[in-house]
Amino acid sequence: MSASHIRTNFSGIVDPMATSHFVIALVGESGVGKTSILHLLMETPPPEEHLPTVLLNTEVLPNIRFANYDIMILDFGGQLQSQKLWDFSRADVAFLISDSTPRNLVISKGIMAKIQQDYPKLPIRAFANKQELPNALDPSAIGKVIGADVHSIVAVDLAYRTNLLRSLVHLLCEPFGLEVPDISPDALLRFNPA
Ligand SMILES: Nc1nc2c(ncn2[C@@H]2O[C@H](COP(=O)(O)OP(=O)(O)OP(=O)(O)O)[C@@H](O)[C@H]2O)c(=O)[nH]1
Ligand SMILES: [Mg+2]
């Protein structure tokens, strides 16, 4: 399978899986922690070193379901050659990940502008990752620059999973006009297939 195959057949690759899936696209520069966030959602150990995602990695989260929707993650590679494949036409939301450095902030602002231009209807949620590092920029400062609310996260720390699931519950309730249930997000989303 080549890059051009994925580009040409993107809908076909994702479509059969997308019908009853809520699709979240993880986007951001290489190394900011997209695959680590995928692992946090899957409750699997995060990568210790940076192994760049090649092109695209799709996963359906095990044991998580909201109403009749499984949650599908599109974990895009952030390296320049993979960025050419970024396609959000099947996504219900994009999670824009920053590593909370000044250098990346400028890049994330550019990515945000490009997504807004190409996909004006796509909701975008911004995350400031690597918040435990000593020089991490404050999420509110990042938010001012990119013009969006920014959630803080440490993708390699399992303790942040509940926060992430809480954002997910809000996101899932919104399009249905549902009030956010007063149940822990983990309990609400947990689904154990028989
Ligand atoms: N200190 C710290 N390191 C992190 C955090 N999140 C991810 N990392 C590390 O950052 C490196 C890159 O993480 P990945 O999740 O592979 O980054 P990515 O965005 O998927 O990168 P590409 O696949 O190349 O686009 C890994 O070594 C992770 O362990 C975090 O919150 N804090
Ligand atoms: Mg990756």
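These are my notebook entries on a predicted model of a protein chain with a ligand.

**Overall build**

I started with the element list. I found 8 helices and 6 strands in the protein chain. Read from the N terminus, they come in the order α-α-β-α-β-β-α-β-α-β-α-β-α-α. Next I looked up the overall dimensions. The C-alpha trace spans about 45 × 40 × 35 Å along its principal axes. Is the chain's radius of gyration in agreement or at odds with that of a compact globule? It agrees, because a compact globule of 194 residues would come out near 16 Å and this chain has 16 Å.

I checked burial and contacts too. Buried residues account for 30% of the 194 in the chain. Taking contacts between residues at least 6 apart in sequence, I noted that 65% of them join residues at least 24 apart.

**The sheet**

I then traced the strands. The 6 strands form an open sheet in the order S2-S3-S1-S4-S5-S6, and the pairing is mixed. Which strands stand at the edges? They are S2 and S6 (150–152); each has a single partner strand, so one side of each is left without a neighbour in the sheet. Ignoring direction, neighbouring strands here are turned by 25° against each other on average.

I zoomed in on the S6 end. S5 and S6 pair in the parallel sense, over 3 bridges. Ala128 stands opposite Ser152 of S6. S5 itself covers 124–128.

Helix H7 (161–173) was my next stop. H7 lies across S1, S2, S4, S5 and S6. Against S5, H7 runs at about 170°.

**Helix H3**

I wanted to know how covered H3 (34–42) is. It is mostly covered, with 7 of its 9 residues buried. I wrote down the buried ones: Lys34, Thr35, Ser36, Ile37, Leu38, Leu40 and Leu41. What do they pack against? My list has four strands, S1 (21–27), S2, S3 (69–76) and S4 (93–98), plus helix H7. Just after H3, Glu43 takes a positive phi of about 60°.

**Around ligand 1**

I pulled up the residues around ligand 1 and got 25 of them. Which come nearest? Gly33, Thr35, Pro52, Thr53 and Gly78 do. Thr35 was already in my notes as one of the buried residues of H3. Sorted by class, the shell has 8 nonpolar, 12 polar and 5 charged residues.

**Positive phi away from glycine**

Glu43 made me look for other cases, and I noted two in loops. Leu55 has phi near 60°, a positive value in a residue that is not glycine. Leu55 sits in the loop between H3 and S2 (56–66). Is Leu55 buried or partly exposed? It is partly exposed, because 16 other C-beta atoms lie within 10 Å and the buried class needs 20 or more.

Lys130 is the second case, with a positive phi of about 60° although it is no glycine either. I placed Lys130 in the loop between S5 and helix H6 (139–146). Lys130 counts as buried, because it has 23 C-beta neighbours inside 10 Å. So I have one partly exposed loop residue, Leu55, and one buried one, Lys130, each with positive phi.

How values were computed. Residues are numbered from 1 along each chain as its sequence is written. Chains are lettered from A and ligands numbered from 1 in the order in which they are written. This is a predicted model: local features need pLDDT of at least 70, side-chain atom pairs count only at pLDDT 80 or more; totals for chains, interfaces and linings use all residues. Helices (H or I, at least four residues) and strands (E, at least two) are DSSP runs, numbered from the N terminus. A residue is buried if 20 or more other C-beta atoms lie within 10 Å of its own, exposed if 12 or fewer, and partly exposed in between; C-beta atoms are placed from the backbone. Two residues are in contact if their C-beta atoms, placed from the backbone, lie within 7 Å. The radius of gyration is taken over C-alpha atoms; the globule rule is 2.2 Å times the number of residues to the power 0.38. A residue is near a molecule or strand if its C-beta atom, placed from the backbone, lies within 6 Å of it. Ala, Val, Leu, Ile, Met, Phe, Trp, Tyr, Cys and Pro count as nonpolar, Asp, Glu, Lys and Arg as charged, and the others, Gly among them, as polar. Two strands pair if DSSP finds at least two bridges between them. Axes are lines fitted to C-alpha atoms, for helices over the stretch in contact, and angles run from 0 to 180 degrees between N-to-C directions.
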